[in-house]
Amino acid sequence: MSSLPRRVKSEAKSLTSEDDELPSFLNSSSESEEEEEEWEPKSKIAKGPRLPPLKNEAKTRKVPAQRSAVARKRVKKVAIKEEMDVSLPIAPAEDNTMQLLKLKEDDVGTKPKSSNQNREVPRKKKINAFQGKNVKNLESDEKPSTSVPVVGSQVKQGKSEEDFAFDEPPFKKIKSTTCPEGKPVKNLGGNKIKEEFEMNWDIVQALSEITNVETWVCANLIRLFQEENTIPFIARYRKELINNLEADALREVQQALEELRTVAKKTHTMIQKLKKEGKLSGCLLTALLNCRTLEELDHVSAPYKTGSKGTKAQRAKQLGLEPAALSLLQNPMELNLFSYIRPTTKGLSNIKEVEAGVQHILADIFAKDKDTLDFIRKLCQQRYICIQSALAKVSSKSGNEKDIDKFQLYHEFSCNIKNIQHHQILAINRGENLKILTVKVNIPDAVKNEFCWWCVNERWRPKQFLNQELMRILRNSVEDAYKRLIYPLLCREFRSKLTSDAEKESVMMFGRNLRQLLLTSPVRGRTLMGVDPGYKHGCKLAIISPTSQILHTDVVYLHSGQGFREAEKIKRLLLQYNCSTVVIGNGTACRETEAYFADLIMKKYFAPLDVVYCIVSESGASIYSVSPEASKEMPDLDPNLRSAVSIARRVQDPLAELVKIEPKHIGVGMYQHDVSQTLLKATLDSVVEECVSFVGVDINICSEILLRHIAGLNANRAKNIIEWREKNGPFINREQLKEVKGLGPKSFQQCAGFIRFNQEYIKNFCSNKKTEPGSYALLTKVGVQGKKKSKPTPCASRQPNPLDQTCIHPESYNIAMRFLSFIGGNANDIGKSDMQQKVNAVIQKEGLEGTAKRLNTTVHTLQLIIDGLTQPEGFDIRTDFDKPDFKRSIVCFEDLSVGTVLTGKVENATPFGVFVDVGVGKAGLIPVRNITEAKLSKVKKRRSLGLGPGERVEVKVLNVDIPRLRITLDLIRVL
C-alpha cells in the first residue's frame, strides 16, 4: 500500500493549526505541559531552539522508495511536529525496538527537552542506517521477527484489516479498545478536552522523577498501559521496552501514573468550576496548572471552594485593599494608607485595620507564589526536620492501659523525617487516630529566619524605598504568611508524604508476601488429611485424594476427654485411605491439636504408616467456607467441614486454593486495615493475576475461579471459556480461544501466552476422534484469522500445536519455528534432553546476541523461546520455592533457651523484621538488622524475592521474654 494509515494522515493535517489553538497563558509558560487522559500535548515546536535538531534529524530519516511523494512529505512532517525525547533507544543493539519507538512515539504524548534532542540525534542516524541494511530481511519474513510490533513494515506494506493483530488492535479498533471511556487514542480534531487537561509539567518527566525509572521506559509504559496491556504480559513479553523491570516496579509506575492523572483530572474539574463561578484569574490558573500533588491543589483551591467563608485576604480584597497591597510592592512612594480609612465600615475603621487587611493580602500572595514555596521546600530539605509524638493528656487519664502500652515506644518519640521507618509512621498514625498520641512536625526557627530574610531582601524586595512603617508591614506580612499559611502547609505535606510512602511500602510488602505464599511449591501425589482445630465443636476432618477429590469428612472431639477413643477413628481413616500426611490449621486449639498428633506419632501409634504433619495458615478459610464459590463447589457439605477441605488443599495446590479467597483476608500484611483499601485491593489483585499467569493454567482442567485471574481475562470471559469447553469439548490449541464469545484480539494477545495444553491429553483426544495429530499448521500467519468483526468459523484447524505447551507467545511462533530449523530441532522434542543439547550447542557457537541478530529478533524474545523449548513438559516455576515444613515432634515455649539453634518457616515479613514459626506456638522475630545479604541464598537474590512467607530458615535464639511471649532470633542461613 502506498498510502499511510488514516490516523497518520489525519495527524499530519491537524498539526498545521495546533499553534493557533494554544491558549495565551500556555505560550508564556516555561514548563512543559501534559493533559490528563489523552497524554498528547499541544506541540510547541514554534520555539526557535528546538527546530534545527529536529529538521536535521528528519533529513537523515530513510523512507522506503515505494512511498509516494505525498506520503514522504507527510511522514517527514509528522516526524518534525511530533518528535519527542521519549524516543530514547532501548539499547544500542536492538534495532527493531528502536524502529517501534520512533514511529510510534506519538502514542505517548510528551514533549522533548532540547538537551535530550541534541544528544539523541547522532544515535538515531546510526540506527536508521542499520535499518536500511535490513529492509530485505524484514520484507522476507511473513511476520515481524520480534515480539514487539515492527510498525515500520506496517506503514510500508500496509496491513490487512482481516489480520487478527497480535501486536496491536487494528487501526479502526484503536479508538474503542485502547481507551475505556470509548475516546480515541489521540484528539487530532481540535478536541477541547485536550486543552482543558494540559498541565504545566511533562507527564513522562514527572513520572520518571517520582519512580526513579528512566524517561524512555516511563514513556513506553504510558503507551503500553494506554493500550490496555496487563502487567504480566508486559513483564514477560515486552522486556526490551521496559528495560527488564520486574512486576513490582511496573505496579509502582502504574500507581504513580494514576496519581498524576488524578491530580490533572481534579485540576481540570476545579478550573471549570472556578471559570463558571467567575473566580478564575490568570495567576490562579497558572498556580493550579503547576500543582503536581493533591496537597498542592488543595492548598491553592481551598479558599475558592463552595461553602468557604473566604480567607482573611479575600475579605480584605472585598473591602478594596488589594490596590494598596500591590502598590506597597510596586510603587510604595505614592501609597497613602490613611486614604483607605472608612470610619463607618468594619475592617476599614482605623489605620490598624487597614494595615491588617493589607498584611493579609500580601501574606496570601507570598504563600501562593511558586518560587517562594520552592525556596522554603528546598530550605527544609537541607535542615533537620523531625517528627515528634507524645502521650496525649486525655488518653493518659481515661485511656485503656492495654492500648496505651502498645504505643509505649512512641510516648516520647522524635526522629528525623529522612530517617524514620515506614512502620513507625503507620504506628504513630494509628496512635493519633486512637487519640493516644499527639503528633507534630518540628521545623527549626532558623528555617523561618532565613526564609523571612530572603523574602524581604530578595524575592519580595520593593522596587522603591520603603519608609519604616511600610517596611514593618512587609516584615509582618512575611511572618504572618509563614506562621499562618506556609508552616501548616509544610506540616501537611510532610505528614502526607510520609504516610503515603509508608502506605505504599505496606501494600508492596503485603504484595511480596502474598506472592511468596501463592508460589509455595505444591505437594502433589499425596493423600492429605486436613484438620480444622476446635474445642467445643470439635476438630473438623477432611481427607482429599491426590487429585483434590473429597474422599471423607468427619468431626472428632480431641479436647473433651475423648482423645483416646477418637484416636482409633483417626487411625482407621488414615489406614483406610493410605494417608500419611496431616495438615493442621493454625487457628483456635491448634497448639493442643498439634501436641495430640505429635504424641501419637512419637508413640508410633499409626504404624505401619510413617505419619508426618505440618501447620498451615487458615486465614480466610472460614470466610471462604460460607462464600457463594464454596457453596457452588461443595453444595452438599457443611460449611464447617468446607474449611477443613480448604486447609488440606492449601498444601496440595496453594495457588489454586488461595485465589478463591479475597487477598486481604490471607493475613500476611502489616497495618493492612490502616492503608488505602482501593490501593490495597488493586495491588493484591494484580499480584494474584501475576502469579496465576506466570505459573500458567491448563485450559482444559482449570477451574473458572483460577481462569478469571489470568491476564486479559475476567469473570465473564472465564465463564464463556468454561461454557465453550462444556459445549464443544476440550480446546485443542490456542487458536480456538478466538472462537470464544467476548474474547477479542486484545484479550487473546494478553492471555494466550499464559494458557497451557497438556499434549498427551490432546493427542489421546484427537486419536479417539480419528483426527490426524501428526503434522500441524502454524495458525499465527497473516490472513489465517477471520474478519475483524466476526469470530472465526468453528471448523478452524483442530490440530494440536506442541508450542502451545510452552510459555512462548503465539506472536513469536514464527521466530520459534525458524530457530528450530536453525538448530535442526523438531517441535515434538520440546522439553527433552536432545532439544537442550542442540540449543546449547548453537548458543555456545553463535552466542545469544549473534543468534538473535541472525533471526532478526531481540535477545529477550530469543531467551524466552529457548526457555520454552528446553523446559521439561509440565514445568512449574513453583518448584524453586519452598514446600511446607513437615514435622513429627513438638517443642514447648519453656524449652527454649538462649543459644538454641532451631529450624522454622517464615510466617510474615515486615519492614522491621521477619516472623518465623519455630514450632512453639508463638512466632519469633528476626530483626531486620540480623538479615544480611550474605545470609540469603543466591537463588533468592537472583529472584529478588527476599525473605518471605514459606521459606525455611535456620535460626538461633537470642532472647526469650516469657511474660510478654516474645522470642528474638538471629538468622543463620536460609535452607
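Analyst: Two strands pair if DSSP finds at least two bridges between them. Keep that rule in mind for this model, which is predicted.

User: What is the bridge partner of methionine 529 in strand 5?

Analyst: Methionine 529 has isoleucine 543 as its bridge partner there. The wider pairing joins strand 4 (residues 528–532) to strand 5 (residues 539–544). The two strands pair in the antiparallel sense, over five bridges.

User: Do strand 7 and strand 8 pair in the parallel or the antiparallel sense?

Analyst: Strand 7 (residues 581–585) and strand 8 pair in the parallel sense. Five bridges hold that pairing in the count. One of the partners is valine 612 of strand 8, matched with threonine 581.

User: In what order do the strands of the sheet stand?

Analyst: The order is 6-5-4-7-8, in an open sheet of five strands with mixed pairing. Strand 6 (550–556) and strand 8 each have a single partner strand, so one side of each lacks a neighbour in the sheet. On average, neighbouring strands are turned by 20° against each other, direction ignored.

User: Which helix packs on the sheet?

Analyst: Helix 31 (residues 639–652) does, touching strands 4, 5, 6, 7 and 8. The direction of helix 31 makes about 50° with that of strand 5.

User: Strand 8 stands at an edge. Are the residues of strand 8 buried or exposed?

Analyst: Apply the cut-off: buried means under 20% relative accessible area. Five of the five residues of strand 8 (residues 612–616) are buried, so the strand is largely enclosed by the rest of the structure. Val612, Cys614 and Val616 point one way, Tyr613 and Ile615 the other.

User: Why is helix 13 described as largely enclosed?

Analyst: The same cut-off applies. In helix 13, 12 of the 12 residues are buried, so the rest of the structure largely encloses the helix. Among them are Trp216, Arg223 and Phe225.

User: How does the length of helix 13 check out, at 1.5 Å a residue?

Analyst: Helix 13 (residues 215–226) should span 16 Å, and its end C-alpha atoms are 17 Å apart, which agrees. Just after the helix, glutamate 228 takes a positive phi of about 65°.

User: At what angle do helix 12 and helix 13 cross?

Analyst: Roughly 115°, with the axes of helix 12 (residues 203–211) and helix 13 coming within 9 Å. The crossing is right-handed. Residues making the contact include Ile203 and Leu207 of helix 12, and Cys218 and Ile222 of helix 13. The contact residues divide into six nonpolar, four polar and no charged.

User: How many helices and strands does the protein have?

Analyst: There are 42 helices and 15 strands. Of the 975 residues in the protein, 53% are buried.

Key:
Residues numbered from 1 in each chain as written. Predicted model: local features only at pLDDT ≥ 70, side-chain atom pairs only at ≥ 80, totals over all residues. Heavy atoms only, no water. Helix = DSSP H or I, 4+ residues; strand = E, 2+ residues; numbered from the N terminus. Expected span 1.5 Å × (residues − 1). Buried < 20%, exposed > 50% of the residue type's maximum accessible area, 1.4 Å probe, protein only. Axes fitted to C-alpha atoms, helices over the stretch in contact; angles between N-to-C directions. Left-handed = near helix turned anticlockwise from the far one by under 90°. Contact = heavy atoms within 4.5 Å. Nonpolar A, V, L, I, M, F, W, Y, C, P; charged D, E, K, R; others polar.
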